[in-house]
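User: I am new to this structure and would like a close look at a single part of it, the second largest pocket. Please take me through what lines the pocket and how the surrounding chain is arranged.

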Amino acid sequence: MGYVSVGAMTLLSTIFAVSCVGKARNLKEFAGALRSFASERTSMLLAAMVTALEGLTLLAFAISLAGVRWAAVLGFLLAGSLLLAFTLVMRRIQGAHCHCFGKHGTRYSARHVVRNVLLTSAAMAGLVEHHGAAGPEPDGIIVAMAFGLLIGLFVVMMDDLVEVLRPAGSR
């Protein structure tokens, strides 16, 4: 595993940790957001499944830290697949709101699509580099993890930052 894999794994773990916890804490609200295209029962099941898959992604990344190489592959594939599915589904729902991190979301927009495409690219880059890279140096691992964490926190706070920076008249 190389620096790109470590950074991508940290980035995606940060995002999915916040997302999974946020959705689990507000599962009924998340399920309510899915009712525009699913029944009440189906939306609750779907919300629970999405939350569980995000948790499984985190578990796969955690297991990979113990040296289990296939777990990192599973984590990157799950992360990329979930992000791609989120993008495709949300683009089809008229007036959908992004409940990405559990709280009442903002209206799904082009920035969410760009964000998900970039995160999917990070997952694929981590997957590709994971197979070919030699063992990185410890100092480089720390830098890659710090970079992944910093970007992850920025992504998590993106909607809040856009709201704060938006001109007062357009709120």
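Analyst: What follows begins with the chain as a whole, turns to the pocket, and then moves to the cores and to some single residues. The model is a predicted one, and every value below was computed from it.

The protein chain holds seven helices and two strands, and, read from the N terminus, the order of these elements is α-α-α-α-β-β-α-α-α. Of the 171 residues in the protein chain, 42% are buried. Among contacts in the chain with a separation of 6 or more, 70% join residues that are 24 or more positions apart. The accessible surface comes to about 9400 Å², and carbon and sulfur atoms account for 71% of that surface.

Now to the pocket itself. The second largest pocket contains about 240 Å³ of space, and 19 residues line the pocket, with Leu11, Leu118, Leu119, Ala122 and Ile151 lying nearest its centre. Three helices, α1 (3-25), α5 (110-132) and α6 (138-156), each supply at least two residues of this lining, and the largest share, eight residues, comes from α5. Sorted by class, the lining of the second largest pocket consists of 14 nonpolar, three polar and two charged residues.

One of the residues nearest the pocket centre, Leu119, leads on to the packing of the chain, since Leu119 also belongs to the largest nonpolar core. That core has 21 residues, and the members that touch the most others are Leu12, Ile15, Phe16, Phe76 and Leu119. Helices α1, α4 (69-92), α5 and α6 each supply at least two residues of this core. A second, separate core has five residues, among them Phe30, Leu34, Ala47 and Val50. In soluble globular proteins, nonpolar side chains tend to be buried together.

Leucine 12 shows how the largest core is joined up: once its neighbours within four places in sequence are left aside, leucine 12 is in contact with Phe61, Phe76, Ala79, Leu83, Leu119 and Ala123.

Helix α5, which gives the pocket lining its largest share, also holds threonine 120. Is threonine 120 buried or exposed? Threonine 120 counts as buried because its relative accessible area of 16% falls under the 20% cut-off. With neighbours within four places in sequence again left aside, threonine 120 is in contact with Gly80, Leu83 and Leu84.

Helix α6, another contributor to the lining, is the place of valine 143. Valine 143 has a relative accessibility of 57% and therefore counts as exposed, the cut-off for that class being over 50%. Although valine 143 and tyrosine 3 stand 140 residues apart in sequence, their C-alpha atoms are 8.6 Å apart in space.

Two residues of helix α3 (residues 40-64) complete the picture, one of them alanine 62 and the other glycine 55. Alanine 62 is partly exposed at 43% relative accessibility, and glycine 55 is partly exposed at 25%. From C-alpha to C-alpha, alanine 62 is 8.9 Å from serine 13, with their positions 49 residues apart in sequence counted as the separation. The C-alpha atom of glycine 55 is separated by 7.4 Å from that of phenylalanine 16, which is 39 residues away along the chain; phenylalanine 16 is also one of the residues that touch the most other members of the largest nonpolar core.

Key: Residues are numbered from 1 along each chain as its sequence is written. This is a predicted model: local features need pLDDT of at least 70, side-chain atom pairs count only at pLDDT 80 or more; totals for chains, interfaces and linings use all residues. Side-chain values use heavy atoms; hydrogens and water are left out. On a 1 Å grid over the protein atoms alone, a cavity is a set of points where a 1.4 Å probe fits but cannot get out, and a pocket is an open set with protein on both sides within 12 Å along at least five of seven lines; lining residues have an atom within 4 Å of a point. Grid points are joined across faces, edges and corners, and a volume is the space filled by probe spheres set on the points. Helices (H or I, at least four residues) and strands (E, at least two) are DSSP runs, numbered from the N terminus. Ala, Val, Leu, Ile, Met, Phe, Trp, Tyr, Cys and Pro count as nonpolar, Asp, Glu, Lys and Arg as charged, and the others, Gly among them, as polar. A nonpolar core is a set of buried Ala, Val, Leu, Ile, Met, Phe, Trp, Tyr and Cys residues joined through side-chain atoms within 4.5 Å. Buried means under 20% relative accessible area, exposed over 50%, partly exposed in between (1.4 Å probe, protein chains only). Contact means heavy atoms within 4.5 Å. Accessible areas come from the Shrake-Rupley method with a 1.4 Å probe; for residues, only the protein chains shown count as cover.
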